[in-house]
Amino acid sequence: MSTPTLQTPPVEPAEAPPAPRRRRIPLWFWPAGFLAAVFVLAVLRVVTGADDIASSGVIGAAIALAVPIGLAGLGGLWSERAGVVNIGLEGMMILGTWGAGFFGYYMGPWAGIVGGMLCGIVGGLIHATATVIFGVDHIVSGVALNITALGIAKYLAARFFSDLPGGGPTQSPPLPSLPRFSVPGLSEQMARLEAREIFFLSDLAGVIGGFTTNISAFTIIAVLLFIGTFFVLWRTAFGLRLRSCGESPVAAETLGVNVIRYKFIAVCTSGALAGMGGAFLALVAANIYRDGQTGGRGYIGLAAMIFGNWRPGGLAAGSLLFGYTDAARLRGGGTVHALLLLVAVILLVVGAWQLKRNNRVQGITSLVVATGAALWYFSTDSVPGELAAATPYVTTLLVLAFASQRLRMPAADGQIYRKGEGH
Amino acid sequence: MRQTMKYASVFAVAALALTACGSDSADSTDTGTADGTETSTAEEASDVRVGMAYDVGGRGDQSFNDAAAAGLDQAAAEFGIETQEATATDGEPESAREERLQQLIDAGYTSIVAVGFAYAPSIAVVAPQNPDVHFALIDSTDYEGENVANLVFAEEEGSFLVGAAAALKTRTDNVGFIGGVQTPLIEKFEAGYIAGAQEINPDIEIQRTYLTQPPDFSGFGDPAKGKTAAEGMYQSGADVIYHAAGGSGGGVFTAASEANTMAIGVDSDQAKTAAPEVQDVIITSMIKKVDVAVYEFLKAEVEGNFQAGPQVFDLAGGGVDYSTTGGKVDDIKDQLDELKQQIIDGEITVPSTPES
């Protein structure tokens, strides 16, 4: 998820003189950046005494919470890259949880993944038919799908799970679990190193251990899907055509691209991915289907996609960030409170940098927020639960506030396309 | 394009808010079926006609509503009363609840049982309009009236006992509490649990957390959140966790089973009702006998002894208790029963709000 992230975005078609290409970020930057981030966390741990801040436990939990968000976001990315806004991700996820529950119970966990995918595709088909074929407003169709999917899943659950042993109208019987893997040798070493509580080294071991220990097979599939998405959309002719439908469908049409077909495929793929996100929730995160278990993760996936500037790498980073804040909040141990200090310091640096570049408004806003966060940190012992729960949303708002100029959505995203109207 | 993005974000936020408001039930979030009908008549029919209004989930939710239904069934079989049942739908407007109650009354049902605190506002409207009808409102004292019986439970007393059990069973002197949604009702569970654990060991470390805050009620139905929170507690040294988190509790049990530790169930005897492979980790459950409350109310109705106002079902009355299924607390049963007796005798007063 690293290298491709911050590559130069495609040159804006509208701009007359080609925008100056930004420098490529050298390869050594990523490992160095990773080490620096861990170092910051290590310092933060020592300063604040929040021991859970870089433990393998919190990293493992963050990954488990990030995968459904990431898969939903990846679904949104496919759809929006082809120019269809997909607010129906939540609904597709809900269908996916039911599909995983039904097929997972009867035919095993692998069939559960496929079942979640298929049910997600059904949602994708509905959205695609409405928006691509009939030209319905994307938001209207998506919201309708969310509401319908909720009802359908509840009906299906009540219809098929009620009489099963351990099941009920609101939940499925327990589902069989997928295999989990650890990197042999490495994860034991890391666990040992983490337990020795050496500054920085143990934190590093915790983070690496979290990424290499007890990882579900589904998580590995999700990572492969991210890499696969990048290669398909940015390295193949198919992907170029699909993205052209999101940038300028009329231009694509004049060049012989069957825009309707590409958009249709993209929205169905989107449904499949969101459905898999739902399947992950049911099969791995909870090993049970339960009404309402998606809990708005489809929307957070959408936020993560915007956070990630409609790119797979950025989306992965956004999902991990949201997963991490969620894990930190649920696990307690003062991590969220400690993160306040981190926010204060980061904003202080950003503010100073913006002021240096003569961006007065942004610079001063950052400094004011930084002071507020610092005051908050030093005057309290914990963050109230109500506010801690809002961490992912606050993060998205912060990113939108400070990076909105750099975010660039597909040019024709959300526009209704009708064949032959471009003449 | 900027326009679209603006709309998209507005809708996303609105949709989020709406989903959060969507589920409004504490112990159950479930399918909203249309009004179900069940009529039963026994040999010696009584002239009491009972209308039962369930919360979201209704009959068959293996939890709160099912417990109420069990009480109704028992009373119906014993006294031969005529019954009619109706179920709330998820996300329905307040007026729908009022209409449901009024329809039952219009159909000639004169004893109305409203299952769940969500009915309090609609009872407040319907009860004064129908002074001849008797109402039972479960889990809420938000509205009291001359023709309303508030059937509430001393959850804190039952939680005190399982808190004591946790403190006696822990080997690390570190126990946990996971609440589904931070409402005053769930805080009663927390307060009792803490008091019980500290009664045994004043220095015990108690980790506590709530999965969500109102108006986000997803904490009662998100096992992934329950599992994450429980894993965090187990990894920071806790070895017994008590959950009052409805459907999220399944995740707590999964985490306990993976970490080879102990968990405590809630509402019903979860060592019997939870998934078979995690039943082994449930050492006891705090039982809340909604069925007893409903049965007692109906019995009083049949006998013509309607009593308005709050009726607390506590340890003394057998309204709450701890379970012994699985034999995991057999070794400490004497101590727990002694504490139970002390509560019943009033030697121990259990707080119903946690110190912050």
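Me: How many helices and strands does the secondary structure of chain B come to?

Reply: Chain B has 11 helices and 12 strands. Bear in mind that this is a predicted model.

Me: What share of the residues of chain B count as buried?

Reply: Chain B has 356 residues, and 56% of them count as buried. Look at sequence separation too. Take the contacts in chain B with a separation of 6 or more: 72% of them link residues 24 or more positions apart.

Me: Now the sheets. How do I read strand pairing?

Reply: Start with the general idea. Strands of a sheet pair through backbone hydrogen bonds, either parallel or antiparallel. Now the case here. One open sheet of chain B has 6 strands in the order β2-β1-β3-β4-β5-β11, and its pairing is parallel.

Me: Which strands stand at the edges of that sheet, and why is one side of each left without a neighbour?

Reply: They are β2 (82-87) and β11 (309-313) of chain B. Each has a single partner strand, so its other side has no neighbour in the sheet. On average, neighbouring strands of this sheet are turned by 20° against each other, direction ignored.

Me: Where can I see one pairing residue by residue?

Reply: Try β1 (residues 49-54) and β3 (residues 111-114) of chain B. These strands pair in the parallel sense over 4 bridges. Within β3(B), B:V113 is the residue opposite B:M52.

Me: What is the strand order in the other open sheet of chain B, and what is its pairing?

Reply: The order is β7-β6-β8-β9-β10-β12, again 6 strands, and the pairing is mixed. Its edge strands are β7 (205-212) and β12 (320-322) of chain B, each pairing on one side only. Here the average turn between neighbouring strands is 15°, direction ignored.

Me: How many bridges join β8 to β9 of chain B?

Reply: Strand β8 (residues 240-244) and strand β9 (residues 262-267) of chain B run parallel and are joined by 3 bridges. Find B:I241, and opposite it in β9(B) is B:A263.

Me: Which helices should I look at against this sheet?

Reply: Take two. Helix α5 (residues 155-169) of chain B packs on the sheet. It touches β6 (174-181), β8, β9, β10 (282-288) and β12 of chain B. Its direction makes about 170° with that of β10(B). Helix α8 (residues 249-259) of chain B lies across β6, β8, β9 and β10 of chain B, at about 160° to β9(B).

Me: Which residues have the most contacts inside the largest nonpolar core?

Reply: They are B:A53, B:A114 and B:I241, in a core of 224 residues. Helix α11 (residues 259-285) of chain A gives this core its largest share, 17 residues.

Me: What is B:A114 in contact with, leaving aside its neighbours within four places in sequence?

Reply: The partners are B:A53, B:L101, B:Y119, B:I123, B:F135, B:A136, B:L137 and B:I138.

Me: Turn to chain A. Into which domains is chain A divided?

Reply: Chain A has domain 1 (52-331) and domain 2 (335-409). Their centres, taken over C-alpha atoms, are 28 Å apart. Domain 1 of chain A gives 17 residues to the contact, and domain 2 of chain A gives 14 residues.

Me: Which elements give two or more residues to the domain 1 side of chain A that touches domain 2?

Reply: These are α2 (56-81), α12 (297-307) and α13 (312-331) of chain A. The largest share of that side, 7 residues, comes from α13(A). By class, the domain 1 side has 10 nonpolar, 2 polar and 5 charged residues.

Definitions and conventions. Residues are numbered from 1 along each chain as its sequence is written. Chains are lettered from A and ligands numbered from 1 in the order in which they are written. This is a predicted model: local features need pLDDT of at least 70, side-chain atom pairs count only at pLDDT 80 or more; totals for chains, interfaces and linings use all residues. A nonpolar core is a set of buried Ala, Val, Leu, Ile, Met, Phe, Trp, Tyr and Cys residues joined through C-beta atoms within 7 Å. A residue is buried if 20 or more other C-beta atoms lie within 10 Å of its own, exposed if 12 or fewer, and partly exposed in between; C-beta atoms are placed from the backbone. Two residues are in contact if their C-beta atoms, placed from the backbone, lie within 7 Å. Two strands pair if DSSP finds at least two bridges between them. Axes are lines fitted to C-alpha atoms, for helices over the stretch in contact, and angles run from 0 to 180 degrees between N-to-C directions. Domain bounds come from an automatic or database domain assignment. Ala, Val, Leu, Ile, Met, Phe, Trp, Tyr, Cys and Pro count as nonpolar, Asp, Glu, Lys and Arg as charged, and the others, Gly among them, as polar.
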